Amino acid sequence: GVKPQTKEAISHAKAAGIPIIVAINKIDKPEADLDRTKRDLADNGLNPEEWGGNTVMVPISAKQGKGIEELLDILLITADMEELKANPQASATGVVIESHMQAGIGPVATVLVQEGTLKSGQIVVIGGTFGRIRRMEDYQGKIIEEAGPSTPVRIAGIKEVAGFGNHFEIVESEKQASLKIQGR
């Protein structure tokens, strides 16, 4: 079914005016009900293409690897048709997709880099908090030094837990970060 965080993600995507592609996961589970999930999504304004709507929905099983190739193909086709391109040379910007307090590390945020290249050591402003990126991990937990557009990464070094959906940007100094937060 559609969880509260999915509803929030739908809301953010619609507000940003970006194309939405839905990956319906866990189709390998015996209790999986694709039609119920599609009805729930339709109730939230995402009507499946096969029902006459304009939302592409791809059933997948991340555990078994089913549907992943089709999902990747759909993403590439959509990116080409919509001419979605990001500049890796620009100053990094993006959005928080998850954030929490982690024992021994402090506040961490999983962010999706939307533009530019995010680098370890940079000062990032996220909503009402900021910090210097002390640690950056890819989706497998491997420490990395930089992340380009369309890359999800987990960062540590921010002063407080960031809010879901908050946008981030890079600044030159902590003083500039502090001034930027005070001006919000």
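**Exercise 1. Find the volume of the largest pocket and describe what lines this pocket.**

*Step 1.* Start with the volume: the largest pocket has about 2300 Å³. A pocket is an open set of points on a 1 Å grid over the protein atoms alone, where a 1.4 Å probe fits and protein lies on both sides within 12 Å along at least five of seven lines; lining residues have an atom within 4 Å of a point. The volume is the space filled by probe spheres set on the points, which are joined across faces, edges and corners.

*Step 2.* Before going on, note that this is a predicted model, in which local features need pLDDT of at least 70 and side-chain atom pairs count only at pLDDT 80 or more, while totals for chains, interfaces and linings use all residues. Residues are numbered from 1 along each chain as its sequence is written, and side-chain values use heavy atoms, leaving out hydrogens and water.

*Step 3.* Now look at the elements. Helix 1 contributes the most to this lining, 7 residues. Helices (H or I, at least four residues) and strands (E, at least two) are DSSP runs, numbered from the N terminus.

*Step 4.* Sort the lining by class: 29 residues are nonpolar, 11 polar and 8 charged. Here Ala, Val, Leu, Ile, Met, Phe, Trp, Tyr, Cys and Pro count as nonpolar, Asp, Glu, Lys and Arg as charged, and the others, Gly among them, as polar.

**Exercise 2. Do the same for the second largest pocket.**

*Step 1.* Its volume is about 240 Å³.

*Step 2.* Among its 13 lining residues, Pro19, Ile20, Asn54, Val56 and Thr78 lie nearest the centre.

*Step 3.* Helix 3 supplies the largest share of this lining, 4 residues. By class there are 8 nonpolar, 3 polar and 2 charged residues.

**Exercise 3. Find the partners of Arg36, Glu50 and Arg154 in salt bridges.**

*Step 1.* Recall the idea: side chains of opposite charge can pair when their charged atoms come close. The rule asks for a side-chain nitrogen of Lys or Arg within 4 Å of a carboxyl oxygen of Asp or Glu, and the count comes to 5 salt bridges.

*Step 2.* Arg36 pairs with Asp40, with 4.0 Å between the closest N and O atoms. Both sit in helix 2 (residues 34-43), 4 residues apart, about one turn of the helix. Arg36 has 37% relative accessibility, so it is partly exposed; buried means under 20% relative accessible area, exposed over 50%, and partly exposed in between (1.4 Å probe, protein chains only).

*Step 3.* Glu50 meets Lys38 at 2.3 Å, N to O. Glu50 belongs to the loop between helix 2 and strand 2 (56-59) and Lys38 to helix 2, so this pair ties together parts 12 residues apart in sequence. Lys38 is buried because its relative accessibility is 11%.

*Step 4.* Arg154 pairs with Glu137, the closest N and O atoms being 2.8 Å apart. This pair links distant parts of the chain, Arg154 in strand 9 (residues 151-158) and Glu137 in strand 7 (residues 129-137), 17 residues apart. Through shared partners, salt bridges join Arg135, Glu137 and Arg154 into one network.

**Exercise 4. Which residues touch the most other members of the largest nonpolar core?**

*Step 1.* A nonpolar core is a set of buried Ala, Val, Leu, Ile, Met, Phe, Trp, Tyr and Cys residues joined through side-chain atoms within 4.5 Å.

*Step 2.* This core has 18 residues, and Leu118 and Ile155 touch the most other members.
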